[in-house]
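Let's take a friendly walk through a few neighbouring helices. Have the sequence and the structure open beside you as you read.

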Amino acid sequence: FMPAFRLASEALAEIGERDDLETGWLLLRRAIALRNGREEVEGPRADGERALAIARSAGDRRLELEALNLVSGIGRTDLEAVAKLEQLALERGAWRIAAEALQTQALLRAPDHADAAAEYAARAVELAEAHGLLDDLAWAHYARVELGLVSGDWNGAAASARHAFRIRIAG
């Protein structure tokens with residue numbers, strides 16, 4: 001990851017940082033490389049947020065999706081941002097990102113609104129099944145386990161755990 005970080009940093013230094021799509025993509029690539037290579041937070045978040053602003057200003061939905069996916073996965077998760085991420089992912093056919101956004105929304109709602117959260121977990125299961133996303137299907141069932149534990153639905157939690165376990169064994 002660090003060679004990609006250095007390459008993006010050198011390119012940005014050479015061409016200069018502007019508010020154009022090329023800069024937005026380089027910022028995003030640098031942020032992803034640094035996040036994955038060193039698990040840093042502040043630098044990747046700053047680059048990701050700047051790439052997101054550039055994407056929105058330019059109307060580039062692909063860059064917006066990827067930048068929002070990065071930013072929403074760093075630090076404290078904002079429910080509104082994750083809902084926007086789900087919408088963008090569904091629009092672009094990015095099924096894995098959409099499934100992950102649905103799971104995240106379910107888990108964020110679980111502590112205070114388990115009933116509403118169940119809808120998001122069910123949609124995550126449905127989406128993962130429809131697109132053959134086995135890992136995401138297992139994680140969606142795991143979200144249902146968490147919901148069952150929070151709401152006191154022990155039988156539902158146990159059934160969801162068995163589903164997740166079977167998927168992981170088969171996959």
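Which residues are buried in H6? They are Ile97, Ala98, Ala99, Ala101, Leu102, Gln103, Gln105, Ala106 and Arg109. Please keep in mind that this is a predicted model.

## Helix H6 and its surroundings

H6 has 15 residues, which should span 21 Å at 1.5 Å a residue, and its end C-alpha atoms are indeed 21 Å apart. The buried residues of H6 pack against helix H4 (61–72), helix H5 (79–92), H7 and H8.

Gln103 is a nice residue to click on in helix H6. With a relative accessibility of 9%, Gln103 counts as buried because the cut-off is under 20%. Once its neighbours within four places in sequence are left aside, Gln103 is in contact with Ala124, Asp136, Trp139 and Ala140.

## Tyr120 in helix H7

Next, find Tyr120, which sits in helix H7. Tyr120 has a relative accessible area of 15% and is buried. Not counting residues up to four places away in sequence, Tyr120 touches Leu102, Gln105, Ala106 and Arg109. Those four residues also appear among the buried residues of H6.

For a sense of distance, compare Tyr120 with Ala161: they lie 41 residues apart along the chain, and their C-alpha atoms are separated by 17 Å.

## Helix H8

Helix H8 covers residues 134–151, 18 residues in all. From its first C-alpha to its last, H8 reaches 26 Å, close to the 26 Å expected at 1.5 Å a residue. After H8 comes Gly152, with a positive phi near 85°.

The buried residues of H8 are Asp136, Leu137, Ala138, Ala140, His141, Ala143, Val145, Leu147 and Gly148. Their cover includes helix H6 (95–109), helix H7 (114–130) and helix H9 (154–170). Two of the residues in that buried set, Asp136 and Ala140, are also contacts of Gln103.

## How H8 meets H9

Two packed helices are described by the angle between their axes and the distance between the axes. The axes of H8 and H9 come within 8 Å and cross at roughly 165°. That makes H8 roughly antiparallel to H9, because angles over 145 degrees are counted that way. The crossing of H8 and H9 is left-handed.

On the H8 side, the residues that meet H9 are Leu134, Asp135, Leu137, Ala138, His141, Tyr142, Arg144, Val145, Gly148 and Leu149. Their partners in H9 are Trp154, Ala157, Ser160, Ala161, His163, Ala164, Ile167 and Arg168. The residues of this contact divide into 11 nonpolar, 4 polar and 3 charged.

Conventions:
Residues are numbered from 1 along each chain as its sequence is written. This is a predicted model: local features need pLDDT of at least 70, side-chain atom pairs count only at pLDDT 80 or more; totals for chains, interfaces and linings use all residues. Side-chain values use heavy atoms; hydrogens and water are left out. The expected span of a helix is 1.5 Å times one less than its number of residues. Buried means under 20% relative accessible area, exposed over 50%, partly exposed in between (1.4 Å probe, protein chains only). Contact means heavy atoms within 4.5 Å. Axes are lines fitted to C-alpha atoms, for helices over the stretch in contact, and angles run from 0 to 180 degrees between N-to-C directions. Angles under 35 degrees count as roughly parallel, over 145 as roughly antiparallel, 65 to 115 as roughly perpendicular and the rest as oblique. A crossing is left-handed if the near helix is turned anticlockwise from the far one by less than a right angle, and right-handed if clockwise. Ala, Val, Leu, Ile, Met, Phe, Trp, Tyr, Cys and Pro count as nonpolar, Asp, Glu, Lys and Arg as charged, and the others, Gly among them, as polar.
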